Amino acid sequence: MILITIKPIIHNRFDIEVRGAKTNELKQSAVSYNIILDKFFYKLIYKQSKFTHIHVGTGTGTPTIERTQLFTFLGAKSTTVVETKKAYPLSYIKRSIVLSPADYVGAKITEIGLAGSTYTTDLVTHSMLKDSEGNQIAIEKTDTDVI
């Protein structure tokens, strides 16, 4: 018997675009890298859903792997699969959500994460929105924005 060991590397990245609802003009963009939480590995072992929803929040702090929820949960949206690639050495799934002009108007979105449901304690990744210098930023949601 031949035993092959593969060392997986898991990366998560959020690309956020704020666009004008009528013009589709790009108003703001951000990239956010997140950490994998303990709950991800639990769900992996027990073959439970991990990436069906994206949670958004308005909290501040430093994410730790023991967390199961955002600092201040705002809401959750079901994801749509945009692209899937299953090939060695790189496999990935790209998912997206859209926040319409009517969603979360007035909120200052500062955090985001992947989850397996809408339950606030079902988070498997957690990320704080940051600028290119590493400073935390907020995306202020207006009624003319699509995110």
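**Exercise 1. The contacts of Asp122**

Task: In this predicted model, determine which residues Asp122 is in contact with, leaving aside its neighbours within four places in sequence, and state whether Asp122 is buried or exposed.

Solution. Step 1: Beyond the neighbours within four places in sequence, the contacts of Asp122 are Lys39, Lys43, Thr68, Leu114, Ala115, Gly116 and Ser117.
Step 2: Asp122 is placed in the loop that lies between β9 (111-115) and β10 (125-128).
Step 3: The cut-off for a buried residue is under 20% relative accessible area. Asp122 has a relative accessibility of 8% and therefore counts as buried.

**Exercise 2. The surroundings of strand β9**

Task: Establish how many residues of β9 are buried, and which residues lie on each of its faces.

Solution. Step 1: Of the 5 residues of β9, 5 are buried, so the strand is largely enclosed by the rest of the structure.
Step 2: The two faces are both covered: Glu111, Gly113 and Ala115 lie on one side, Ile112 and Leu114 lie on the other, and all are buried.
Step 3: The pairing of β9 can then be followed on either hand. With β4, the strand pairs in the antiparallel sense over 5 bridges. With β10, it is joined by 2 bridges, and these two strands also run antiparallel.
Step 4: Glu111 serves as a reference point for both pairings. It is the bridge partner of Gly57, and it stands opposite Met128 in β10.

**Exercise 3. The sheet of five strands**

Task: Give the order of the 5 strands in the open sheet and identify which strands stand at its edges.

Solution. Step 1: The order is β3-β10-β9-β4-β5, and the pairing is antiparallel.
Step 2: The edge positions are held by β3 (35-36) and β5; each has a single partner strand, so each has one side without a neighbour in the sheet.
Step 3: At the β5 edge, β4 and β5 pair in the antiparallel sense over 5 bridges. Within this region of the sheet, Val56 stands opposite Gly75 in β5.

**Exercise 4. Thr72 in its loop**

Task: Locate Thr72 relative to β4 and β5, and decide how far it is exposed.

Solution. Step 1: Thr72 is found in the loop between β4 (53-57) and β5 (73-78).
Step 2: A residue is partly exposed when its relative accessible area falls between the limits of under 20% for buried and over 50% for exposed. The relative accessible area of Thr72 is 37%, and Thr72 is therefore partly exposed.
Step 3: With neighbours within four places in sequence set aside, Thr72 is in contact with Val56, Gly57, Thr58, Gly59 and Glu111. Among these residues, Glu111 is the bridge partner of Gly57.
Step 4: A separation in sequence can be set beside one in space. Thr72 and Asn12 are 60 residues apart in sequence, and their C-alpha atoms are 21 Å apart.

**Exercise 5. Thr80 in its strand**

Task: State which strand holds Thr80, and find the distance between the C-alpha atoms of Thr80 and Ile97.

Solution. Step 1: Thr80 belongs to strand β6 (residues 80-85).
Step 2: The relative accessible area of Thr80 is 48%, so Thr80 is partly exposed.
Step 3: Thr80 and Ile97 are 17 residues apart along the chain, with 6.4 Å between their C-alpha atoms.
Step 4: Leaving aside neighbours within four places in sequence, Thr80 is in contact with Lys94, Arg95 and Ser96.

**Exercise 6. The sheet of three strands**

Task: Give the order of the strands in the open sheet of 3 strands and name the residue opposite Arg19.

Solution. Step 1: The order is β2-β1-β12, with antiparallel pairing.
Step 2: β2 (26-33) and β12 (145-146) are at the edges, each with a single partner strand, so one side of each lacks a neighbour in the sheet.
Step 3: β1 (residues 13-20) pairs with β12 in the antiparallel sense over 2 bridges. Opposite Arg19 stands Val146 in β12.

**Exercise 7. The chain as a whole**

Task: Count the helices and strands of the protein chain, and assess how its radius of gyration relates to the globule rule.

Solution. Step 1: The protein chain contains 1 helix and 12 strands. Read from the N terminus, its elements run β-β-β-α-β-β-β-β-β-β-β-β-β.
Step 2: The radius of gyration is 16 Å, close to the 15 Å given by the globule rule for 147 residues, so the chain is as compact as a globular protein of that length.
Step 3: Of the 147 residues, 33% count as buried.
Step 4: Among contacts with a separation of 6 or more, 63% come from residues 24 or more positions apart.

How values were computed
Residues are numbered from 1 along each chain as its sequence is written. This is a predicted model: local features need pLDDT of at least 70, side-chain atom pairs count only at pLDDT 80 or more; totals for chains, interfaces and linings use all residues. Side-chain values use heavy atoms; hydrogens and water are left out. Helices (H or I, at least four residues) and strands (E, at least two) are DSSP runs, numbered from the N terminus. Buried means under 20% relative accessible area, exposed over 50%, partly exposed in between (1.4 Å probe, protein chains only). Contact means heavy atoms within 4.5 Å. Two strands pair if DSSP finds at least two bridges between them. The radius of gyration is taken over C-alpha atoms; the globule rule is 2.2 Å times the number of residues to the power 0.38.
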